[in-house]
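Colleague: I would like to go through the ring pairs, the cysteines and the ligand site, and hear the reasoning behind each label.

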Amino acid sequence: MDYFKALTLLLENASAPYSGFQVASMVVTQDGTLFKGVNVESVAYPTTMCAERNAIFTAIAQGMKTGEIVEVHILARNAEKNVVAAFPCGSCRQVIAEQSLNKATVYIYHSKEKVTIHTIEELLPNAFFSLD
Ligand code: THU
């Protein structure tokens with residue numbers, strides 16, 4: 001699977017009229033199912049939703065169960081249309097940690113040639129999991 005190519009196509013669906021910063025994310029589950037998300041901005045700025053959470057929430061809406069996420073892939077392009085590395089924001093890290101039961105591997109594309117691979121535990125140490 002050429003994730004860079006698929007994410008580049010998906011970037012066209014991002015709705016980022018205010019920042020010009022486009023983000024595409026693909027979530028892969030244990031059985032190899034793929035779910036897609038893009039960032040969607042709102043003129044009421046805080047209403048904006050990130051690509052990663054859109055991908056994960058779509059997966060859940062389509063029946064994915066907690067713990068089934070194994071990979072999260074992220075590609076971003078700035079307002080000048082240059083590919084730039086985008087690490088997930090704090091809110092997305094929390095959701096990735098919870099929905100993968102702290103097991104996800106996060107692939108961040110810096111360019112066509114360079115991807116860095118991170119565990120969610122590395123990106124969000126000591127994640128909050130329980131109200132008990
Ligand atoms: N954004 C994402 O979609 N994911 C990230 O990991 C970082 C930020 C979006 C939110 C907003 O639409 C734009 O990027 C600029 O912050």
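**Ring pairs, cysteines and ligand**

Modeller: Two aromatic pairs are found in the structure, which is a predicted model.

Colleague: Why is the pair of F4 and Y109 called tilted?

Modeller: The ring centres of F4 and Y109 are 6.3 Å apart and the planes meet at 55°. Centres must lie within 6.5 Å to pair, and an angle that is neither under 30 degrees nor over 60 counts as tilted, so F4 and Y109 form a tilted pair.

Colleague: What makes this a tie between separate parts of the chain?

Modeller: F4 belongs to helix 1 (residues 3-11) and Y109 to strand 5 (residues 105-109), so the pair joins parts 105 residues apart in sequence. Both F4 and Y109 are buried.

Colleague: Why are Y18 and Y45 described as tilted?

Modeller: Their ring centres are 5.7 Å apart and the planes stand at 50°. The limit for the centres is 6.5 Å, and the angle falls between the cut-offs of 30 and 60 degrees, so this pair is tilted. Y18 sits in the loop between helix 1 and strand 1 (22-29), and Y45 in the loop between strand 2 (34-38) and helix 2 (51-61), 27 residues apart.

Colleague: Is Y45 buried or exposed, and how do you know?

Modeller: The relative accessible area of Y45 is 56%, and over 50% counts as exposed, so Y45 is exposed. Y18 has 43%, which lies between the limits of 20% and 50%, so Y18 is partly exposed.

Colleague: How many disulfides are there?

Modeller: Searching the whole structure gives zero.

Colleague: Why do C89 and C92 not count as a disulfide?

Modeller: The closest cysteine sulfur to that of C89 is in C92, 3.8 Å away. The pair would need to be within 2.5 Å, so the sulfurs are too far apart for a bond.

Colleague: What makes C92 buried?

Modeller: Its relative accessible area is 0%, and buried means under 20%. C89 has 31% and is therefore partly exposed.

Colleague: Which residues are around the ligand?

Modeller: Among them are S19, F21, N39, E52, F87 and C89.

Colleague: What makes the approach of E52 to the ligand a polar contact?

Modeller: A side-chain N or O atom of E52 is 2.5 Å from an oxygen atom of the ligand, and the limit is 3.5 Å. For the side chain of N39 the distance to a ligand oxygen is 2.9 Å, and for a backbone N or O atom of F87 it is 3.4 Å. The ligand taken alone exposes 370 Å², of which the protein buries 78%.

Conventions
Residues numbered from 1 in each chain as written. Predicted model: local features only at pLDDT ≥ 70, side-chain atom pairs only at ≥ 80, totals over all residues. Heavy atoms only, no water. Phe/Tyr/Trp six-rings, centres within 6.5 Å; stacked < 30°, edge-to-face > 60°. Helix = DSSP H or I, 4+ residues; strand = E, 2+ residues; numbered from the N terminus. Buried < 20%, exposed > 50% of the residue type's maximum accessible area, 1.4 Å probe, protein only. Near = heavy atom within 4 Å. Polar contact = N/O pair within 3.5 Å; in protein donor to acceptor, adjacent residues only side chain to side chain. Areas by Shrake-Rupley, 256 points an atom, 1.4 Å probe, with all protein chains shown as cover.
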